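Colleague: Could you take me through one part of this model slowly, in words that a first-year student can follow?

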Amino acid sequence: MNIKWNDSAYLEKLKPQKIQSSIMAAFTFISISIMLILGIVMYFRFSASSRQAIIQNTQKLMEQTGETLEDYLGSMRQISDAVYYNVIKEHNIAAQENQMQQGMNLLYEANRSRLRSIAIYNSSGSLIAAEPVALQKEDPDVTKQGWYEKAVSDTANMHFSTPHIQNLFDDHTRRYYWVISLSRVVELTDHGVPTTGVLLVDMDYSGISRMMQKINASENGQYYYLCDSNGRMIYHKQQAQIRKGFSSENSVKAAAYKDGIYDDTFEGSRRKMIVNTISYTGWKLVGIIPDATFTHGMFDIRYFIVMLILLMAMMLAVINRVITDRISSPVLKLQQSVIKYEAGEKPEIYIGGSQEIRHLGYAIQRSYEQIDVLMHKIVLEQNERRKSELEALQSQINPHFLYNTLDSITWMIEGKRNDEAVFMISELAKLFRISLSKGRTIISIKDELQHAKSYMNIQKIRYKNHFSVTFEADPALYACCTVKLILQPILENAINYGVGGMDEDDGGQIRITGRLEHGMAILSVTDNGVGMSSSEVDLLLTDSNRIHKQGSGVGLVNVNNRIRILFGPQYGLSVQSEPDEGTTVSICIPAIPYSEENQKNLEKGHLRNEKSE
């Protein structure tokens, strides 16, 4: 018996998700998660390193610039000291005016690239000497100018002013020069009498401007400016806009800071502020790094990280493919062998892969072997049960017919009717030869018809030819298989319930026919007896406890059950009858060619299972 899985919808429902896809999806998810986490960590790591590098580079640049400014301003202090100690202290302003002028001229010529002018004023603000020699503008009240007021108010220190236009001297070129003034109180000698005055050194602002422009060449949004200790602007790349009020800067806040790095928010933008104090002056060199500057420098890092992640993704895709193939391949092979087994084939169950999968393969193989053993036992038990049922059904044939026949032979011999006795003995021998059939259940239709003819020949003699019998079977049926002894009970019923009680003059007739129709063999027994009602017809094949008036008592239920056991529930008997019209009983069985192989298969029930499927 072969078990086949023909329900494709059921198989599709049970079809599991491919393990390779599941493993691939899991590895892909894990790989993507790891790469994203790694990419984010790398990005923030590089971002922090980049921010720190930008800040450190800015600090170094500001330190270098601060040192340059300090050198520049230190040279101005040195010039101021040289004028004071080498010129003013050494000469009397009244008696040695020419020598003083010469000393100032030498100093000016030696530093003219950084100087705009050198001037000495007395305590009342009158010009005593100046270099280069130039005409002082009319009524420049120097006592009210900031550099003069600072020097007078704080006599102990030097003072640096914010950038302003030089407005003291007229060099006839009508040009205006931006300068930064260094002023200090000095002690003058006038006719041997000490008096105070103010020394003014005007530095050329363009030197400082060039230094600041150089460090402000960056285009990433970062910039630097210079302010004094009060926040007044000395240099800013947008200094003109700030003076006109079109722009602003948080210089007052920066001037209040000590040297260091600060977080600042200005006009809604976050930025880093780095403050560095310039010695001697109290000036503040301020570096501004907007947040956009940090992100601007991260583009290359982002591009690098993206390319690295893509490269890693391709490598991981290949690795994932190899790993999933190695993990899933044994499972898929095991699945394919199981599917083939379920489809009715007998493949070798795949055993391979890891220890767990091999163990699973061994377990499945053992379970299938046990199933095969159990199925074989079930088949054998079913065949034995079917054989026992057939033997039990066949054993139900009442020996009453044999007793009557032997009695009839005895009477014939006693009555010296030897020829008739010989004929009956010959027919009885044929009957028993076919009935026994070497213990077989399946015989050819030809033998079954011969059995029926022998039976009817005996019955006609017993009933003294009160009815006639005709056989009309298609010779093509002779070579088909049938269950033996299926016509005899039907003929017995036709005699007992149909024509047996009719008078000789009534002309009782029994007709046996056979034909092939749509792959089926159909045998019919028709009589013109008393017939029966439809209710009796309905009970004829279903009521096995029905009380028989006479005959063998086997009935049609016996025959119908035997046919259905061997050929399947779609085959068996059908009855048509009308009261006083007669009865027709038809046998429907599959037209299976009679051969040794088919006979054995039918005996074992194999062909029956294939037909019933």
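Modeller: Before we begin, one term is needed: two residues are in contact when they have heavy atoms within 4.5 Å of each other. Please also keep in mind that this is a predicted model.

Let us start from Gly514, which is found in strand 17, the strand that covers residues 508-517. Leaving aside its neighbours within four places in sequence, Gly514 is in contact with Glu472, Ala473, Asp474, Leu477, Ile522 and Leu523. Leu477 deserves a second look, since Gly514 and Leu477 are 37 residues apart in sequence, yet their C-alpha atoms are 7.2 Å apart in space. Is Gly514 buried or exposed? Its relative accessibility is 11%, and because buried means under 20%, Gly514 counts as buried.

From there we can turn to the largest nonpolar core, which has 50 residues, and in which Leu491, Ile510, Ile563, Phe567 and Ile587 touch the most other members. If we follow Ile563 and again leave aside its neighbours within four places in sequence, we find it in contact with Val483, Ile486, Gly568, Tyr571, Gly572, Leu573, Ile587, Cys588 and Ile589. Apart from this core lies another one, of 47 residues, among them Tyr205, Leu226, Tyr235 and Ile289.

A further step leads to a hairpin. Strand 19, residues 572-578, and strand 20, residues 582-590, pair in the antiparallel sense over 7 bridges, and Ser577 stands opposite Thr583 in strand 20. There are 3 residues between the strands of this hairpin, where Asp580 takes a positive phi near 65°. As a general background, most residues other than glycine have a negative phi, and this is what makes a positive value in Asp580, a residue other than glycine, something to notice. Asp580 is exposed, with a relative accessible area of 66%, because exposed means over 50%.

Leu485 offers a useful parallel, for its phi is near 60°, which is also a positive value in a residue other than glycine. Leu485 lies in the loop between strand 16, residues 481-483, and helix 14, residues 487-499. Whereas Asp580 is exposed, Leu485 is buried, with a relative accessible area of 5%.

Note on methods
Residues are numbered from 1 along each chain as its sequence is written. This is a predicted model: local features need pLDDT of at least 70, side-chain atom pairs count only at pLDDT 80 or more; totals for chains, interfaces and linings use all residues. Side-chain values use heavy atoms; hydrogens and water are left out. Two strands pair if DSSP finds at least two bridges between them. Helices (H or I, at least four residues) and strands (E, at least two) are DSSP runs, numbered from the N terminus. Buried means under 20% relative accessible area, exposed over 50%, partly exposed in between (1.4 Å probe, protein chains only). A nonpolar core is a set of buried Ala, Val, Leu, Ile, Met, Phe, Trp, Tyr and Cys residues joined through side-chain atoms within 4.5 Å.
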